[in-house]
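Reader: Please pick one residue of this model and look closely at what surrounds it. Then say how that place fits into the rest of the chain.

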Amino acid sequence: MSGLLALLDDVAGIAKVAAASVDDVAAAAGKAGAKTAGVIIDDAAVTPKYLQGFAPARELPIIWRITRGSLFNKLILLLPVAMLLANFAPWAITPLLMLGGAYLCFEGAEKIFHVLFPHASHAIDEDMSVKDPGHLEEEKIKGAIKTDFILSAEIMTISLAAIEAPNVWMQAATLAVVAIGVTLAVYGSVALIVKMDDVGLYLAENARTGLGRGLGRGLVKFMPVLMKILSVVGTAAMLWVGGSIIIHGLEVLGFGWLGHHIHDWAYAAGHAVPEGWMGFAEWSAKAAMDGVFGVVMGLLLIPLATKVIMPAFAAVSGKKASH
């Protein structure tokens, strides 16, 4: 009996340790997830633009496929790499993040350039023709998952830096919880956004009160405007995040001149407004300057990407440069 009681006591002790570990993982995940709030908002703003032009019946299946791709990015590709880099090659994290930031700057600046100087490409128009909606859907999903990979890498890296774990297993478990939680939050929000027009249509046709029908018509009219706003916000977010990644990376590598000046200018902007608005003004000024740097960097990268990198990749892969 004493042996059985001792065994039960040991089991109870193990259960307490396990429960404490779960609590520690949850607490660390919450803290790390809060650090990534800015990038999460960016991710949620970028994704809806990939769903424009599709039939309502295809929206949720596309979101689900992008969600699976995002989980694959975070849990299968990025989590093991993040753990390996953090424990064996921490020096490589900053250059890789800067490369991802450069991609975001290029993509955002290319969209602005296309708006200011519309340019058509027969190859791209043919490749993205709605004559083949299945192919268009596949290309849109690939593009969304590709952009998600860059943002996911930033989320995972920020989270990894914020995690205070006693061992590598706790660190990995916490990072996995953050990855799953962030992905569900982002794409759950995206699903709500893109289906609100369907909700509005249902209310407009089936609501029992005039107020309900009016609300439904308002939603139907407002959602196209919201999608355009999100498209603009998504582009701005890519430039802001990409620019800030590169500027911070330069500081880490010992080239902090620009980052220090942006900090000083943002600090001055914060102290030029009433005290209650200081924090917001300082953050806004820094985000705006990071975004301007992202635009400049992206515009410089456009000729490099289109004239050098893409043709070189096409020559190696055998695909057309436009693809």
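Author: Helices (H or I, at least four residues) and strands (E, at least two) are DSSP runs, numbered from the N terminus. The residue chosen here is Ser70, which lies in helix α3. The model is predicted, so local features need pLDDT of at least 70 and side-chain atom pairs count only at pLDDT 80 or more, while totals for chains, interfaces and linings use all residues. Residues are numbered from 1 along each chain as its sequence is written, and side-chain values use heavy atoms, with hydrogens and water left out.

Ser70 has a relative accessible area of 0%, so it counts as buried (under 20% relative accessible area; exposed is over 50%, partly exposed in between; 1.4 Å probe, protein chains only). Its side chain makes a polar contact with the side chain of Lys74 at 2.6 Å. Another polar contact joins the side chains of Ser70 and Asp148, at 2.9 Å. (A polar contact is a pair of N or O atoms within 3.5 Å; within protein, one must be able to donate a hydrogen and the other to accept it, and residues adjacent in sequence count only if both atoms are side-chain atoms.)

Beyond its neighbours within four places in sequence, Ser70 is in contact (heavy atoms within 4.5 Å) with Asp148, Ser152, Thr183 and Tyr187. Tyr187 is also among the residues with the most contacts inside the largest nonpolar core, together with Ile63, Ile66, Val182, Val190 and Val194. A nonpolar core is a set of buried Ala, Val, Leu, Ile, Met, Phe, Trp, Tyr and Cys residues joined through side-chain atoms within 4.5 Å. This one has 14 residues. Helices α3 (56-88), α6 (133-162) and α7 (168-206) each supply at least two of them, and α7 gives the most, with seven. A second, separate core has 13 residues, including Leu239, Ile247, Ile262 and Ile302.

Now the whole chain. The protein has ten helices and zero strands. Of its 323 residues, 37% count as buried, and Ser70 is buried too. Among contacts in the protein with a separation of 6 or more, 77% are between residues 24 or more positions apart.

The span 168-194 is 100% helix and 0% strand, and its end C-alpha atoms lie 39 Å apart. Residues 225-247 are likewise 100% helix and 0% strand, with end C-alpha atoms 33 Å apart.
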